[in-house]
Amino acid sequence: MSQSYKIKSFCHIEDNKLSLNGQVLYADGSDTFTEFIKAAYKSENTKYSKFFKMDSLSKLAFLAADVLLKNENYTTDEEQDIAIVFSNKSSSLNTDKKHQSTIEDESNYFPSPAVFVYTLPNICIGEISIKYKLNSENSFFIFDRFNALHLKTYSDILLSKNKAKEVLCGWVDFEDEKDYKAFLYLVSSEGDIDNNEHKINKLYNI
Amino acid sequence: MSKVHVSYNNIVSALGFSTDEVVKNIAAGQSGLKVIDDKKIFQAPFCGALVDTEKLQMAFDELSPIYQYTRLEQMMITSLSDVIKASGIKLNDRVGLIISSTKGNIDVFEKNNYFDNHRAYLSKLGNQINAFFNFKNEAIVVSNACVSGILAVSIAKRYIEHGVYDHVFITSGDIVSKFTLSGFHSFQALSKAPCKPYDANRIGINIGEVAASALVTNSEAHLSEDAVTILGDGSSNDANHISGPSRTGEGLYRSMKSAFKEAGISSSEIDYISAHGTATLFNDEMEAIAFNRMGLSTVPLNSLKGYFGHTLGASGLLETIVGMQSLKNQTVYKSAGFETLGVTQPLNIIEKTEEKPLQIFLKTASGFGGCNTAVIFKKSK
């Protein structure tokens with residue numbers, strides 16, 4: 001029987017609302033994700049200029065991860081072995097469409113490396129790894145819908161095989177300005193919530 | 001814990017539609033790369049390796065498809081079908097399916113494409129493959145830049161070790177599209193001639209398309225002649241830059257350390273390295289640094305990008321399969337395009353295809369987002 005792991009903390013960003021462990025940290029009535037995420041970032045006082053260069057998926061994942069990791073008092077001074085396992089439905093399609101729009105018309109052709117680099121979903125994992133200096137295991141999975149069992153299984157595997165001490169995992173999906181969701185949580189050997197499919201689904205739907 | 005193996009496999013590529021055919025071409029020094037000057041494919045001439053469309057259609061039609069499938073789906077289904085048949089495994093609930101791709105059906109966004117834009121969702125690609133063969137478990141789609149193909153092998157092994165599955169079929173693929181070509185073109189990274197990994201006169205990358213498939217299994221009864229046992233695997237992020245590799249090779253070094261630790265072997269036991277070798281200055285240099293830090297500078301090494309171009313999400317699995325064939329044939333294959341060492345650290349680049357005793361090989365890959373994966377394989381038979 002393998003050891004059972006716990007959920008230490010969790011974070012949601014959806015419907016113009018940022019919350020940590022179920023407590024709302026910031027909410028507003030912004031019309032778009034772009035406005036909202038900028039305001040939420042400012043309210044968190046993060047001060048990380050690279051944030052403004054990121055695409056929407058990376059901004060969403062980055063802010064959720066930053067809120068979680070900051071809450072655990074993780075700093076970059078000490079090396080952390082936190083794996084990152086993310087999943088979503090729409091991959092990087094929102095940015096893919098942006099890149100596509102720059103190449104559709106040969107008379108108005110202007111593809112940009114700054115956009116193209118974000119046409120991979122795992123770039124947001126890179127952004128978080130850079131900020132927190134995480135030289136850890138990482139993987140991005142795509143599913144039709146939130147797949148709690150897969151996240152539980154894969155985080156159990158990483159922890160039980162000593163491939164990581166903790167796992168930052170969850171769902172970060174950016175379909176468009178109105179349809180986005182981040183639900184990230186930290187799996188560890190300590191914590192109050194069991195890392196099982198039922199609990200993960202319950203937290204996802206909070 | 002029972003061992004996990006990579007077994008039956010297939011490659012659908014510019015160099016052929018079966019692993020045997022492809023490896024015979026590599027042994028003969030054939031490259032799939034050529035200059036393509038066709039405005040329908042890309043506005044500027046480029047050097048790449050494309051799957052022959054007519055040949056693909058013919059191979060796919062033999063499977064009697066009922067519905068319409070995209071180019072990538074046709075490649076993947078054709079490739080995977082060969083592996084499922086060869087393995088003789090029944091697709092029950094102990095059998096998993098992993099799909100790796102960076103961009104999937106991204107060509108559906110092109111104006112004249114027959115398919116609906118929804119087909120661009122990677123989970124839809126997963127569903128198509130799943131439904132064609134009637135797998136009992138939902139496809140797990142991995143999209144982790146250019147390590148996707150080798151990461152899929154690592155994930156399959158981990159799922160089997162964890163007792164979730166006995167067998168996992170992997171299919172990995174990416175197509176050459178305007179989308180991808182224009183992006184790398186905007187980076188000024190595309191070479192107009194066949195690429196030259198690790199060479200002093202390197203000129204950038206080529207993009208190619210491939211679908212590669214393999215069976216990963218814990219069953220000794222389902223081993224192909226070229227089967228290998230997975231000794232260890234690891235991944236690590238550079239935590240340095242989203243589109244440029246680490247100057248110290250940190251992530252690649254750590255991913256290899258993780259794989260070696262699990263394998264319980266030392267670097268002196270590696271007989272061959274199937275490296276990433278995209279033929280960009282920064283990538284090749286980063287790899288040279290990491291391999292030297294790991295004490296691997298004298299191990300015969302090649303990049304297969306000079307045969308297939310960079311096949312993105314397929315490359316890791318494609319190159320693993322060629323590595324398996326290297327062990328089976330006791331032959332190291334020439335690193336195409338290499339003449340003069342163009343990195344600051346010593347590397348033993350394979351300059352000539354020749355027979356050599358080979359038991360254990362290391363496969364590595366690195367990609368955008370700072371990701372790196374390393375897996376160590378040993379000849380099973």
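**Domain contact and helix crossing in chain B**

In this predicted model, helices α1(B) and α10(B) are roughly perpendicular to each other, because their axes cross at roughly 75° and angles of 65 to 115 degrees are counted in that category. Two packed helices are described by the angle between their axes and the distance between the axes; for α1(B) and α10(B), the latter spanning residues 315-329, the axes come within 11 Å. The residues that meet are T19(B), V23(B) and I26(B) on the side of α1(B), and I321(B), V322(B) and Q325(B) on the side of α10(B). Classified by residue type, this contact between α1(B) and α10(B) comprises 4 nonpolar and 2 polar residues, with no charged residues.

The wider setting is the division of chain B into domain 1, covering residues 5-222, and domain 2, covering residues 232-379. The C-alpha centres of domain 1 and domain 2 of chain B are separated by 20 Å, and 54 residues of domain 1 are in contact with 53 residues of domain 2. On the side of domain 1 of chain B that touches domain 2, two or more residues are given by each of the helices α1 (19-27) and α5 (148-161) and by each of the strands β1 (5-12), β3 (46-49), β6 (167-174), β7 (207-208) and β8 (210-217) of chain B. Of these elements, α5(B) provides the largest share of that side, with 8 residues. The composition of the same side of domain 1 of chain B, taken by class, is 29 nonpolar, 19 polar and 6 charged residues.

Conventions:
Residues are numbered from 1 along each chain as its sequence is written. Chains are lettered from A and ligands numbered from 1 in the order in which they are written. This is a predicted model: local features need pLDDT of at least 70, side-chain atom pairs count only at pLDDT 80 or more; totals for chains, interfaces and linings use all residues. Domain bounds come from an automatic or database domain assignment. Two residues are in contact if their C-beta atoms, placed from the backbone, lie within 7 Å. Helices (H or I, at least four residues) and strands (E, at least two) are DSSP runs, numbered from the N terminus. Ala, Val, Leu, Ile, Met, Phe, Trp, Tyr, Cys and Pro count as nonpolar, Asp, Glu, Lys and Arg as charged, and the others, Gly among them, as polar. Axes are lines fitted to C-alpha atoms, for helices over the stretch in contact, and angles run from 0 to 180 degrees between N-to-C directions. Angles under 35 degrees count as roughly parallel, over 145 as roughly antiparallel, 65 to 115 as roughly perpendicular and the rest as oblique.
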